[in-house]
Amino acid sequence: MRIDKLLSNIGYGSRKEVKQLLKTGAVKADGVSIKDAKTHVDPAAQMITVHGETVEYKEHIYLMLNKPGGYLSATEDSVQETVIDLLEMEDAVYKPFPVGRLDKDTEGLLLLTNDGQLSHQLLSPKKHVPKTYYAKILGKVTEEDAAAFKQGVELDDGYVTKPASLVILSADEQSEINITITEGKFHQVKRMFEAVGKKVTYLKRISMGPLLLDENLALGEYRELTEEEVEALQNAKAIEL
């Protein structure tokens, strides 16, 4: 990889600014100054330093965010805050993006990465990667609702959902449930409950495929995935509900 591209990718400035930095002799590879922006380096095999500080370069970054309400699942917005605004600059420079989306008022597990191949794999309709949500429902959720979700329900636009698994945690005027779906239609969980005459008052995603929300993450906090978690996502299989 060209040295100017590497340094630009991880936040040392534009290509033009990096070229000016190189001219000062502040950039070194294995102790040898690099002044030519076209010089190719291997960050995995060479020690790259800027002003004596070692440069850490990662091709891909994988972050688990416990998304709070009030943030858009987007990379940028001219008016509202996005989940990228929750990241430290050292992570934001890798330009991660949300894998799928959570509604603005929905909390919980959101994967952020710059690995386009993994994102496509997880979101592909052919994969049917399951996503599980915890929700509070206005109205008493019944086993009849669970049976209807198992068959698929018709949404307000006529679309019939794929089978979903509904587990009733408590059934009262304010019910609590877990629901697992394998697709991601707009406001799907909320619209599914509207189809059976009920309303979602709180929604939180707790898993995506094999990835479980880390209970140690407070709202707005995030961490890098472990190698085992990344490998599990890469090997995520479709399921039948």
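How many aromatic pairs does the count come to in this predicted model? The count comes to two aromatic pairs, and the legends below present each of them, followed by views of lysine charges over tyrosine rings.

**View A. Aromatic pair of Y134 and Y202.** The ring centres of Y134 and Y202 are 6.1 Å apart and the ring planes stand at 65 degrees, so this pair is edge-to-face, the cut-off being over 60. Y134 belongs to strand 8 (residues 131-138) and Y202 to strand 11 (residues 199-208); the contact therefore ties together parts that are 68 residues apart in sequence. Y134 counts as buried, with a relative accessibility of 17%, whereas Y202, at 25%, counts as partly exposed.

**View B. Aromatic pair of F149 and F193.** With centres 5.0 Å apart and planes at 70 degrees, the rings of F149 and F193 form an edge-to-face pair. Distant parts of the chain are linked here: F149 lies in helix 5 (residues 143-151) and F193 in helix 6 (residues 188-195), 44 residues apart. F149 is buried at 0% relative accessibility, and F193 is buried with a relative accessible area of 0%.

**View C. The charged end of K136 over the ring of Y202.** Y202, the strand 11 residue of View A, also has a lysine over its ring: the charged end of K136 sits 5.6 Å from the ring centre.

**View D. The charged end of K185 over the ring of Y159.** The ring of Y159 has the charged end of K185 over it, at 4.6 Å from the ring centre.

Conventions: Residues numbered from 1 in each chain as written. Predicted model: local features only at pLDDT ≥ 70, side-chain atom pairs only at ≥ 80, totals over all residues. Heavy atoms only, no water. Phe/Tyr/Trp six-rings, centres within 6.5 Å; stacked < 30°, edge-to-face > 60°. Helix = DSSP H or I, 4+ residues; strand = E, 2+ residues; numbered from the N terminus. Buried < 20%, exposed > 50% of the residue type's maximum accessible area, 1.4 Å probe, protein only. Lys NZ or Arg CZ within 6 Å of the ring centre and 35° of its normal.
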